[in-house]
Amino acid sequence: MLDERVLAAGTTQRFVLLLVLFVAASTGVAHDLASRVAAVSGNGHPGDLVWVSYAAPVVLVGVTVWLYRRLPDWKERRSGVVPLAEIGDGGTLAAEFDRLAEAFVGAGELSARPRFVVAPGAVTASAVVFGTQRAPTVRLNAGLVVTRETAPKRFGAIFLHELAHIHNRDVGITYATVAMWRVLLCAVLLPDVAVIVTTRLVGGTAPGAAPVFQDALIIVMAYLTRADILRTRELYADRTAVRRWRVNSNDLLPDRYDGYDAAPYQSRRARATAAFTEVWRNHPSWRLRSQSLTAPEALFALRALPVFGTGLTAAIASAQLASPVGAAGSWAGMVQYLLIAGLTVGVGGVALWRAMVHAVLTGRRLPSSWVAGVWLGTGLAVGELTASVGEAGQPLPAHPEVLLLLVAVVVVLTAWTGQFAELRIRTYRGESLNSAMITGLMAPGLVLAFVLLWWHTEQWVTGWHFSIEDQLARADLSAAHAPWLLRLTALLTALPGSDLGFSGLWWAVPLLWLVPLQLWLARLPMAAPSVLVRAGRAVDGAFTRLERSMPSWFQPVLVNVLFGAMVATLFAGLFGLLLLMMVAGPAGFFVIALLAWLLFLAVWRAVHTEKWRDLSKAKKKGNWLDHAQPGAVPPAVNAPDLDWVVRTGEFGGLACLLGLLAEPLIARPALAAHSWRVDSNLDLAWAVLVICTTMAVVAVWVGASAKSRYPLITTLIAAGITGVTGVIGQYLKGSVDGCLGPLNNLTTTCSWYPIRFLPLAEYTLGYVLAPGLLLSAVVGALAHAGSSLLRSRAHARTIAAATGGTAGVGPLARPRVMVGCVNAVAVSLVLSVTAYQAIVMVAPLPRDDLLFEYATSPTGHIRTGISPLADWVRYAGDTVDRYGGAIDTLANVEKAAAGDPDDVRTVARMAIPACEELSSLKENARDDARLYDPAVPVAAERLWVRYLADVRTTAADCLVLTRATTSAAVSTALTAIDRDVTATLASAQKLADRVGH
């Protein structure tokens with residue numbers, strides 16, 4: 001029989017989800033209450049009471065802890081318990097139990113010695129354990145004590161069942177859940193009651209039906225989560241008592257259970273009714289307990305309603321946290337969605353992994369991860385829908401159908417989780433399957449956080465409110481004659497792709513294909529290369545001979561010298577890497593990321609080799625399969641043969657390169673017809689269009705193929721290889737742009753400028769590997785679904801058959817040098833771009849700036865030798881003009897200071913507009929200029945950086961002027977500004993001379 005401990009039960013994740021709902025609900029209620037108080041009193045802005053939103057959960061957590069500590073005392077007083085030694089048997093039973101508890105504690109079966117009490121007034125033959133994990137108390141009902149003589153086996157079974165709770169360490173989490181539930185009930189209901197009563201007595205606007213419904217839904221979901229935790233602990237206590245202490249399962253069930261067992265649950269309606277009734281129980285039904293004792297299916301089953309409730313609970317918690325957390329900044333929002341997504345995938349993913357491991361090891365039908373994704377996504381969508389009810393005076397959003405996008409993404413992520421789980425269960429042979437499960441849940445959890453972050457930032461729950469015409473109008477562009485490529489550029493402003501920093505979470509999406517591909521590259525049990533083995537032995541022998549030949553007093557000296565040399569080498573290497581980062585920019589970050597990844601692989605391989613060096617020790621320890629199902633035949637590996645997948649991705653990359661080269665032949669004539677310019681932004685739109693379209697075609701081909709053993713994983717790998725190859729091709733094409741004859745695009749000057757085209761490749765990578773990869777996954781999933789319907793059922797069953805056979809090194813473990821290079825380059829690109837954007841750029845590029853340069857001259861005539869250099873020169877000139885306007889204002893300030901030196905406050909106030917303009921240039925000039933980087937010569941770019949540095953110095957001295965409090969301080973600040981202006985104008989002149997030359 002399969003051991004239920006093969007994977008974590010997920011109880012901790014459900015408890016944390018309840019805790020997050022508790023904090024979110026209390027924060028949301030406090031925020032709403034503070035807003036009402038501010039509105040009624042009229043003495044302050046709601047923002048002045050924002051501290052209430054953060055103080056409320058802290059107070060309620062404190063109340064919960066206090067209640068958790070007091071619950072055992074209240075439970076004892078209410079039931080009138082007495083110590084077990086005081087019953088009329090002379091203390092025999094108490095002494096026997098004490099000896100048994102001591103033996104269990106000594107053997108490590110129990111973490112703490114329980115206290116035994118009796119409830120004289122309770123006539124039922126049952127018991128309960130309560131208290132804390134460190135100080136548990138086992139209460140025996142008087143009716144159970146009587147059965148010691150009449151039914152000793154049943155008495156012992158129930159007693160050991162209670163000790164199993166202590167063994168499983170679920171006592172503390174149980175009563176923490178109960179305490180949290182009671183506090184949450186009061187925290188949600190009491191404010192609603194208080195508001196309703198106050199409005200009826202004093203007057204005012206009573207809360208509408210929508211807020212009351214939302215609060216009621218919070219209570220319902222908290223109750224269901226609490227009930228799920230309490231039911232699960234009982235089932236696992238039964239299994240622990242039977243497995244560890246050889247309790248007869250029949251002794252844990254009622255004497256007349258035959259009637260319950262024969263209850264008709266054969267029809268679909270009866271099963272649905274039983275499943276719906278079960279989720280509301282705090283204690284599992286006897287039918288469910290019987291199933292869990294006789295067969296493990298009940299503990300591994302993937303149930304629809306709990307999965308749906310997980311998504312709904314997560315969405316409600318996210319909605320409650322939206323307003324309070326939104327005021328804390330982007331990083332707080334990122335943490336919020338990481339937590340919500342992690343719990344959503346954690347709870348639902350653990351249930352899916354458990355169902356998958358049971359199906360694989362028992363040879364039964366695999367659970368449908370697609371259906372589970374529909375339930376989880378529907379729960380999230382319903383939660384989003386209920387959170388938006390009543391906003392803008394409508395019962396529903398204007399376009400609720402947009403929620404299907406969220407459902408589709410969740411379905412894809414859940415299907416990926418199921419396929420990855422099956423693949424790892426068949427191939428992983430480590431000591432614990434939990435580590436493989438955690439790795440498999442991280443990627444979809446991070447991707448879901450990325451989707452939720454984008455979803456709530458753009459407020460898509462209110463409907464598809466994006467309009468290309470409106471976006472063009474915001475940039476002062478006419479939509480009447482806008483070419484289709486410019487419209488595509490406007491569409492990119494609605495998609496996540498320009499925020500390439502760490503907080504943007506775009507880097508999570510590539511993990512969906514990089515993680516499986518790395519597992520494919522990483523061979524299973526392997527030996528170190530013979531060259532390395534011989535080299536290591538030679539080094540060991542040399543050190544051994546050196547140690548024997550030197551005096552004993554010299555050995556510690558040599559060790560210290562070698563250690564110092566290693567530290568010095570390490571610091572020198574770090575300094576060299578930092579210097580490379582500062583000098584080479586994005587290229588330096590890429591080199592560092594590549595070296596770091598290769599170092600990680602080398603360390604991982606060394607550890608992996610050491611782990612498998614002594615096969616006898618590995619066999620003694622065994623793997624997770626030996627513990628989960630001793631003596632069972634390992635499942636067939638059935639790893640996907642990725643040769644054809646890789647080839648498809650390679651062909652897709654070549655198709656991308658052909659499409660990119662065709663841009664001047666297709667896009668330029670269409671733009672020339674209306675006298676629109678060709679520039680780097682339209683080149684970005686073309687590259688995203690070509691690469692994403694090719695990725696979608698590749699995804700459809702791979703997803704629809706009958707060869708696809710794991711359709712979604714193979715689809716993402718092929719699409720990912722296509723995307724990365726396409727981005728590399730775009731970068732190489734841009735680096736030699738001007739040398740391609742009729743295929744030239746941005747310039748006709750033949751030169752090699754690899755650095756200046758990196759920004760364009762960066763943003764292409766962001767759009768391709770984030771929304772583009774998700775789009776490929778969705779269309780690949782649809783293609784797979786369509787092809788599955790067209791195939792015969794017999795053929796589908798043949799493909800799905802995966803039982804029997806022996807585990808071994810299959811195609812998953814076959815090394816591929818070329819694929820390894822692609823994988824290393826892709827990982828390094830993702831790491832370097834994220835690090836560069838987070839460390840150097842600080843703020844993400846505003847997506848609206850993709851249309852920025854067209855606002856001044858949208859219909860500039862196309863010239864022979866197309867180049868965006870003129871656009872950058874115009875932009876630089878506009879920046880210089882803005883700087884000149886600020887300097888003119890400061891000149892008037894200087895005149896005012898000379899006329900009345902003592903009027904310091906007036907002088908400082910007059911300088912504020914100029915300082916604000918300079919601060920705007922200081923904050924935004926470099927980021928906006930990155931749009932033109934591909935067109936800027938290297939020499940001009942250096943002068944531009946020097947000019948911006950002088951502008952920043954002027955802005956800093958200008959702020960000093962606004963804070964001056966004495967005439968002497970004003971004079972010193974103006975002198976510094978004059979010096980800064982002279983240096984800045986000199987830099988601007990040098991820049992103009994270089995560009996003109």
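Let's start inside strand β4, where both faces are covered: Pro-136, Val-138 and Leu-140 point to one side, Thr-137, Arg-139 and Asn-141 to the other, and all of these residues are buried. Put as a count, 6 of the 6 residues in β4 are buried, so the strand is mostly covered, with buried taken as under 20% relative accessible area. Keep in mind that you're looking at a predicted model.

Now for the neighbours of β4. Strands of a sheet pair through backbone hydrogen bonds, and they can do this either parallel or antiparallel. Here you get both kinds, as β4 belongs to an open sheet of 4 strands with mixed pairing, laid out in the order β1-β2-β4-β3. The edges of that sheet are β1, at residues 82-83, and β3, at residues 127-131, each of which pairs on one side only.

Take the parallel side to begin with. β2, covering residues 115-119, runs parallel to β4, covering residues 136-141, and 5 bridges link the two. If you want a spot to zoom in on, try Arg-115, whose bridge partner in β4 is Thr-137. On the other side, β3 and β4 pair in the antiparallel sense, again with 5 bridges. Those two strands make a hairpin, and 4 residues sit between them. Look across from Phe-130 and you'll find Thr-137 of β4 standing opposite. So Thr-137 is worth a second look: this residue of β4 is the bridge partner of Arg-115 and also faces Phe-130.

Next, what packs on this sheet? Helix α4, residues 142-150, does, touching β2, β3 and β4, and its direction makes about 70° with that of β4. Helix α5, residues 152-167, lies across β2, β3 and β4 as well, running at about 20° to β3.

Time to zoom out. The 4 strands share the protein chain with 35 helices. Of the 997 residues in the chain, 50% are buried. The accessible surface adds up to about 45900 Å², and carbon and sulfur atoms own 64% of that area. As for how the chain meets itself, take the contacts with a separation of 6 or more: 81% of them join residues 24 or more positions apart.

Definitions and conventions
Residues numbered from 1 in each chain as written. Predicted model: local features only at pLDDT ≥ 70, side-chain atom pairs only at ≥ 80, totals over all residues. Heavy atoms only, no water. Pairing = 2+ DSSP bridges. Contact = heavy atoms within 4.5 Å. Axes fitted to C-alpha atoms, helices over the stretch in contact; angles between N-to-C directions. Buried < 20%, exposed > 50% of the residue type's maximum accessible area, 1.4 Å probe, protein only. Areas by Shrake-Rupley, 256 points an atom, 1.4 Å probe, with all protein chains shown as cover.
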